[in-house]
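Please work through the exercises below with the sequence and the 3D structure at hand, and try each task before reading its solution.

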Amino acid sequence: MRLGTRVAIVGAGPAGLALANVLQQAGIDCVVVERQSRAYVEARARAGVLEHRTVEFLNDHGLADRLLAEGARHGSCEFRHLGERFSVRYRDLTGGREHHVYPQQFLVRDLISAYLAGGGQLFFSHPAVALDGLDGDRPVLRCQPDGDAEPLELECDFVAGCDGFYGASRQAVPAGRLRAYEKQHEFGWLALLAETPPAGDEIIYALHEDGFAGHMLRTPSVTRFYLQCPVGDHPENWPDQRIWSALHRRLGMTDAELAPGPITEKNVLDMRSFVVEPMQYGRLFLAGDAAHIITPAGGKGMNLALADAEELATRLLAHYRGAGTHALDGYSAACLPRIWQAQEFSHWMLHLLHSPAAGQDDSAFLHRLQLSRLTQLRDSPAYSTMFSDSYVGSSGRPTAH
Ligand code: RFL
């Protein structure tokens, strides 16, 4: 089957779906293709922290009703170390900016239903396998569905590559046209989801000689936890009993404070930072994880993906309203400062939280730096205000062109 559209969107994650909804609301024809089934993407649990700016964007487009009704608002987080505990009240320190906690898969579900309710075209189980003619006037996106289903060809004005880090879009750019900046971190994180209520209503970051532990809120009955582990560790090395005892020890909690429950997800995360520049080539625009990967420290990934979607949507709207191509030419330059700021913050946070690998020549020195950061965060209003501003995210939104 061959179809024509204005914007072909690869990937039904937060970036692709937000872009599709905004274009649809503006009457700009678009088609979304997604490699996985609808059931799969609506159940894929990942992020859960939405910044104030992200919620404002979604709300402006009528896409935040459920998240505002069902999500929880948070304005402080807690740090723990050697029996000491203190909170940083980032809402108070930033004039009222706060986080909303709402699981990513719920947001994906809301964005899919809003787009389909508006008559949007979305092809699930249709992996994009080739993007041709990106440097011409009408690129063609080719999808090869599984089994006997007919291949799909989409002829379009522009391709939005929102297909995550391992997607096909970035790979379609000729060699040498994009520059990648990357860092592989020297720690691993065991990422866990447990059917257990959170122990309190704050995100908790615990520094411990055994390694970092994180307590992240998701819903009243499901909590995400992170445990620092060596690079290359395997989930099989972490039977449930070992996990709960590590969480209790590192977070300084008893069984009564944090009740062990079934662990429904156990993954070792690849702690990688990656940015590609520019985020565009010819008629292809990369958004979200397709263009950059950030560690989960600081909870920025989904927020950056949605900020890219908003930037790209604003510029596509300007283009179709007659502003010319310069609106689109500036897409990458407009996104990159925000992305690098988030990368810098996430990197700082990683080094605040992680115990340096024992046995290295500089590990004792690095540990002292870590403690100094923590003390300043506790004692210096200027330091904690700067942390809060980065943590909760700026309030800047794209301007119309
Ligand atoms: P996504 O969500 O990966 O969506 C990309 C979509 O593209 C599809 N796809 C293709 N479709 C068609 N053809 C192809 N060839 C395709 N190849 C791939 C995929 O199936 C998928 O549906 O990218 P997007 O939209 O850029 O969104 C990015 C976010 O998902 C990501 O940054 C966050 O989940 C990162 N992240 C967190 N971010 C936060 O802001 N706060 C957090 O607390 C947070 N916690 C996390 C996280 C990511 C995690 N993992 C596992 C990566 C916790 C975890 C555990």
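Domain bounds come from an automatic or database domain assignment. This is a predicted model, in which local features need pLDDT of at least 70 and side-chain atom pairs count only at pLDDT 80 or more, while totals for chains, interfaces and linings use all residues. Residues are numbered from 1 along each chain as its sequence is written, and side-chain values use heavy atoms, with hydrogens and water left out.

**Exercise 1.** Find from which domains the shell around the ligand draws at least three residues each.

*Solution.* Begin with the residues that surround the ligand, counting a residue as near if one of its heavy atoms lies within 4 Å of it; there are 34, and the closest are Glu34, Arg44, Gln104, Asp289 and Met302. Next, assign the shell to domains: domain 1 (2-48 + 103-183 + 272-349) and domain 2 (188-270) each supply at least three residues.

**Exercise 2.** Describe the polar contacts (pairs of N or O atoms within 3.5 Å) that an oxygen atom of the ligand makes with glutamate 34, aspartate 289 and glycine 299.

*Solution.* Start with the side chains: a polar atom of glutamate 34 lies 2.6 Å from a ligand oxygen, and for an N or O atom of aspartate 289 the distance to a ligand oxygen is 2.8 Å. Then turn to the backbone, where a polar atom of glycine 299 is found 3.0 Å from an oxygen atom of the ligand.

**Exercise 3.** How do the residues of the shell around the ligand divide into nonpolar, polar and charged?

*Solution.* Sort them with Ala, Val, Leu, Ile, Met, Phe, Trp, Tyr, Cys and Pro as nonpolar, Asp, Glu, Lys and Arg as charged, and the others, Gly among them, as polar; the result is 14 nonpolar, 11 polar and nine charged.

Methods: A polar contact is a pair of N or O atoms within 3.5 Å; within protein, one must be able to donate a hydrogen and the other to accept it, and residues adjacent in sequence count only if both atoms are side-chain atoms.
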